[in-house]
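Please take a look at the protein chain shown here. The report after it is meant for a first visit.

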Amino acid sequence: MKKFNKYLIITFLIFTVSALSSCKKYLDINTDPTTATSVDGKLLFGYAVTYWDQSRSGGDIYIPIALMSQTIASGGNFGWGKDNIYVLSPTSLNNAWTFYYQRIGNNLNLAIKAYEAAGNKNGVAQCQIVLAQVVYEASLMFGDIPYTEAWKTGIAYPKFDAQKDVFESLLKLLNGAIASLDPANPLKISDYDIYYAGDISKWIKTANSIKFKILMTMVDKDPTKAAEIGTMVANPSSMINDATDNWLFKYGATTTNANPKQRLLATYTNGENQWFFANKNVLDYMKPTDPRIPIYFDKPAGAAGYISSQTEEEADANSAKISAYLYRQDAPDLLCTYQELSLLEAEVYARGLGVTKDFTKAQALYNQGLQAAMLFYGADAGATSTYISTQVPDLSTIADPVKEIHLQQWVDLMDRPIEAFTQWRRSGPDGSEVPQLALPVGATAGPLIRRYIYSVDESNANPNLPKPTPVYSDKQWFDL
């Protein structure tokens, strides 16, 4: 595919997001919130979460991060097109920044104000929980970002807060939200709550799960976080603890409510994935018997097996593709899951983070996470049981049990590139990450990519931009 067509696709995805939004008023980062006080909080919430998920799953975030983090392969000119995947489109960078600040964060803050004025404490907390995840994601992509002065009337150029300070603020925001949530209070977001339909008990679990994930991102740089991690894993039922608790954005089996990835394919390739292929950095770790292989990937007719590709390697008619199942119309976007939490908890016990090392508990949680991951994607229950009983290693006897857990975290997150990129960066010091990635063919010579760079618009407009301005290979605070 030629680069010109890639820009057209990005434009299509932006238009699609706008068309599906439930509120049409676009707001600048620090627009006076009193200008929208007449808008119902649930409309602002609905607009924000819809725009957020369309953005996560679209051409400015999903495709660039999946390629640069090497969870999918482009297929070279046989597929998406050979390119320098470390050179991110200025359009994508500007759009991603705008999504998080003007479209999503601003509307969530307006919704919070509306619910505060209405005395709806649950509604406030539900918005705060989503905002915490949104800001966490933005920081994982850009590093130091505006937070304490963002969305404030009268501050045209908000300061950039250090990533550590952003994370600390989000932990406080989540603690306050959890304390405010009251399942007995009938005031809440329910009809516009696409996640849990107003089930406040599930919102409490989700808030605790986000806290846990933030702490796990911080702990290698700030070991004092281990104590709180230990407290949280001692009470796993306070977090997402069952597949029915999964935090998902649900899509439908109609063209007007289809997953953005399927809409993109429907528009440009007749609904068929002709662009994205199985990356060696995922598929080869799953071979030969992981029951998710035929679910994650489609094997072309006549191919001898599931043939993987390097990130920018030229694919051919025998190369395995990312499956039609993952790109189906009603494929949900996963925000936080039972399998993800189980594997993180297994890591805690294998590493002894705030707890005594316990490989028996680590093994049970590891097996639990693997089973949940496989069953979530529709793997055969019998094949899953056989795989776990015959192929899963004994964590107490292998040389590097934490590496084994990290590999399965990576495989589980293949179709969630923001989370996979974060997992890879936090999995070990520079050069020891899991898996060990090589510089993709055609990428800028030098270190591996570690971040999005700041948008051109923000760089030109905000005098508070960090100096020196980070480049794509600069590590963020949490990244060892």
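What follows goes from the whole chain to its aromatic rings, two acidic residues and some backbone details.

**The chain as a whole**

This is a predicted model. The protein chain has 17 helices and six strands. Its radius of gyration is 22 Å, close to the 23 Å that the globule rule gives for 480 residues, so the chain is as compact as a globular protein of that length. Along the principal axes, the C-alpha atoms fill a box of roughly 65 × 55 × 45 Å.

How much of the chain counts as buried? Of the 480 residues, 59% do. The chain exposes about 17,900 Å². Carbon and sulfur atoms supply 54% of that area.

Contacts also reach along the sequence. Take those between residues at least 6 apart in sequence: 75% of them join residues at least 24 apart.

**Aromatic rings**

A pair of aromatic rings is described by the distance of the centres and the angle of the planes. Rings of Phe, Tyr and Trp pair here if their centres lie within 6.5 Å. By this rule the count comes to 30 aromatic pairs.

One of them joins Trp80 and Phe276. The ring centres are 5.4 Å apart and the planes stand at 35 degrees, so the pair is tilted. Which parts of the chain does this pair tie together? Trp80 lies in the loop between β1 (72-73) and α4 (90-118). Phe276 lies in the loop between α9 (260-268) and β3 (277-278). The pair therefore ties together parts that are 196 residues apart in sequence.

Are these two residues buried or exposed? Trp80 has 7% relative accessibility and counts as buried. Phe276 is buried as well, with a relative accessible area of 3%.

Tyr296 and Phe297 form another aromatic pair, and this one is edge-to-face. Their centres are 5.8 Å apart, with 75 degrees between the planes. Both residues are buried.

Ring pairs also build a cluster. It links Trp52, Tyr195, Tyr196, Trp203, Trp247, Phe249 and Tyr251.

Charged side chains meet rings too. Arg328 lies over the face of Tyr325, at 4.0 Å from the ring centre. Arg425 lies over the face of Phe421, also at 4.0 Å from the ring centre.

**Two buried acidic residues**

Start with Asp245. It is found in the loop between α8 (226-233) and β2 (247-249). At 5% relative accessibility, Asp245 counts as buried, because the cut-off is under 20%. What does Asp245 touch, not counting residues up to four places away in sequence? The residues are Tyr196, Lys202, Lys205, Met239 and Ile240. Tyr196 is also a member of the ring cluster.

With Lys205, Asp245 makes a side-chain polar contact of 3.2 Å. A polar atom of the Asp245 side chain also lies 3.2 Å from the backbone nitrogen of Asn241. Glu168 is a different case: Asp245 and Glu168 are 77 residues apart in sequence and 25 Å apart in space, C-alpha to C-alpha.

Now Glu433. Its place is in the loop between α16 (417-426) and α17 (456-461). Glu433 counts as buried, at 4% relative accessibility. Leaving aside neighbours within four places in sequence, Glu433 is in contact with Trp424, Ser427, Gly428 and Arg450. The side chains of Glu433 and Arg450 are joined by a polar contact of 3.0 Å.

**Backbone details**

Two cis peptide bonds are listed in the table.

| Peptide bond | Omega | Place of the proline |
|---|---|---|
| Val434 to Pro435, cis | near -5 degrees | Pro435: loop between α16 and α17 |
| Lys467 to Pro468, cis | near -5 degrees | Pro468: segment after α17 |

Positive phi values come next. Phi of Ala197 is near 50 degrees, a positive value in a residue other than glycine. Ala197 lies in the loop between α6 (163-180) and α7 (200-218). Its relative accessible area is 56%, so Ala197 is exposed.

Asn270 is not a glycine, yet its phi is positive, at about 60 degrees. Asn270 is found in the loop between α9 and β3. That loop also holds Phe276. Is Asn270 buried or exposed? At 79% relative accessibility, Asn270 counts as exposed. Phe276, by contrast, is buried.

Conventions
Residues are numbered from 1 along each chain as its sequence is written. This is a predicted model: local features need pLDDT of at least 70, side-chain atom pairs count only at pLDDT 80 or more; totals for chains, interfaces and linings use all residues. Side-chain values use heavy atoms; hydrogens and water are left out. Rings of Phe, Tyr and Trp (its six-membered ring) pair if their centres lie within 6.5 Å; planes under 30 degrees apart count as stacked, over 60 as edge-to-face and the rest as tilted. Helices (H or I, at least four residues) and strands (E, at least two) are DSSP runs, numbered from the N terminus. Buried means under 20% relative accessible area, exposed over 50%, partly exposed in between (1.4 Å probe, protein chains only). A charge sits over a ring if NZ of Lys or CZ of Arg is within 6 Å of the ring centre and within 35 degrees of the ring normal. A polar contact is a pair of N or O atoms within 3.5 Å; within protein, one must be able to donate a hydrogen and the other to accept it, and residues adjacent in sequence count only if both atoms are side-chain atoms. Contact means heavy atoms within 4.5 Å. The radius of gyration is taken over C-alpha atoms; the globule rule is 2.2 Å times the number of residues to the power 0.38. Accessible areas come from the Shrake-Rupley method with a 1.4 Å probe; for residues, only the protein chains shown count as cover.
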